[in-house]
Amino acid sequence: MHLQIDFGAMAPKISEQITVAGLTADKDGIAHCQKDADALTRLAVRGLLSDSAIRNGRKKLMRHIIRYVKPNDNPERREP
């Protein structure tokens, strides 16, 4: 499965990106991942983490996101 998620202050919510990709995901798990992504972005904007630390954090976060994502059984019905 190929999944690309954009991170950052101006990026759409992770759940929206998953829906646009035609996939589904565990809502609670993705909600936690969204909070983690927001925290990483906040620390990046404030300059409290190095670029490499943020990059590594986002890589780990992506691995967590993939655990919650699954193919959409009904691709014509997309959940918001």
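1. In this predicted model, a good place to start is Ala25, which counts as partly exposed because its relative accessibility is 23%, and a residue is called buried under 20% relative accessible area and exposed over 50%, with partly exposed in between. Ala25 has its place in strand 1, and, once its neighbours within four places in sequence are left aside, Ala25 is in contact with Ile18, Ile30, Tyr68 and Val69. A further point about Ala25 concerns Arg42, which stands 17 residues apart from it along the chain, with 24 Å separating the two C-alpha atoms.

2. Thr24 is likewise found in strand 1, the element that covers residues 23–25. Is Thr24 buried or exposed? Thr24 counts as buried, because its relative accessibility is 16% and the cut-off for buried is under 20%. If residues up to four places away in sequence are not counted, Thr24 touches Ile18, Tyr68, Val69, Lys70, Pro71 and Asn72. When the two lists are read side by side, Ile18, Tyr68 and Val69 appear both among the contacts of Thr24 and among those of Ala25.

3. Turning to the chain as a whole, one finds three helices and two strands, and, read from the N terminus on, these elements run in the order α-β-α-α-β. The C-alpha atoms of the chain fill a box of roughly 40 × 20 × 20 Å, where the directions are taken along the principal axes.

4. How much of the chain counts as buried? Of its 80 residues, 28% do. As for the contacts in the chain with a separation of 6 or more, 62% of them are accounted for by residues that stand 24 or more positions apart.

5. The surface deserves a separate remark, since the chain exposes about 5,900 Å², and carbon and sulfur atoms supply 51% of that area.

6. With regard to charge, the chain carries 14 positive and 10 negative side chains, and the centres of these two sets lie 7 Å apart. Which residues form a positive surface patch? The patch is made up of Arg55, Lys59, Lys60, Arg63 and Arg67. One of these, Arg63, has its place in helix 3, which covers residues 51–68, and a reader who wishes to find the patch in the structure could begin from that residue.

Note on methods:
Residues are numbered from 1 along each chain as its sequence is written. This is a predicted model: local features need pLDDT of at least 70, side-chain atom pairs count only at pLDDT 80 or more; totals for chains, interfaces and linings use all residues. Side-chain values use heavy atoms; hydrogens and water are left out. Patches are made of residues with over 30% relative accessible area and no salt bridge: like charges are joined within 9 Å, nonpolar side chains (Val, Leu, Ile, Met, Phe, Trp, Tyr) within 5 Å. Accessible areas come from the Shrake-Rupley method with a 1.4 Å probe; for residues, only the protein chains shown count as cover. A salt bridge is a side-chain nitrogen of Lys or Arg within 4 Å of a carboxyl oxygen of Asp or Glu. Lys and Arg count as positive and Asp and Glu as negative; His and the chain ends are not counted. The place of a charge is taken as NZ of Lys, CZ of Arg, CG of Asp or CD of Glu. Helices (H or I, at least four residues) and strands (E, at least two) are DSSP runs, numbered from the N terminus. Buried means under 20% relative accessible area, exposed over 50%, partly exposed in between (1.4 Å probe, protein chains only). Contact means heavy atoms within 4.5 Å.
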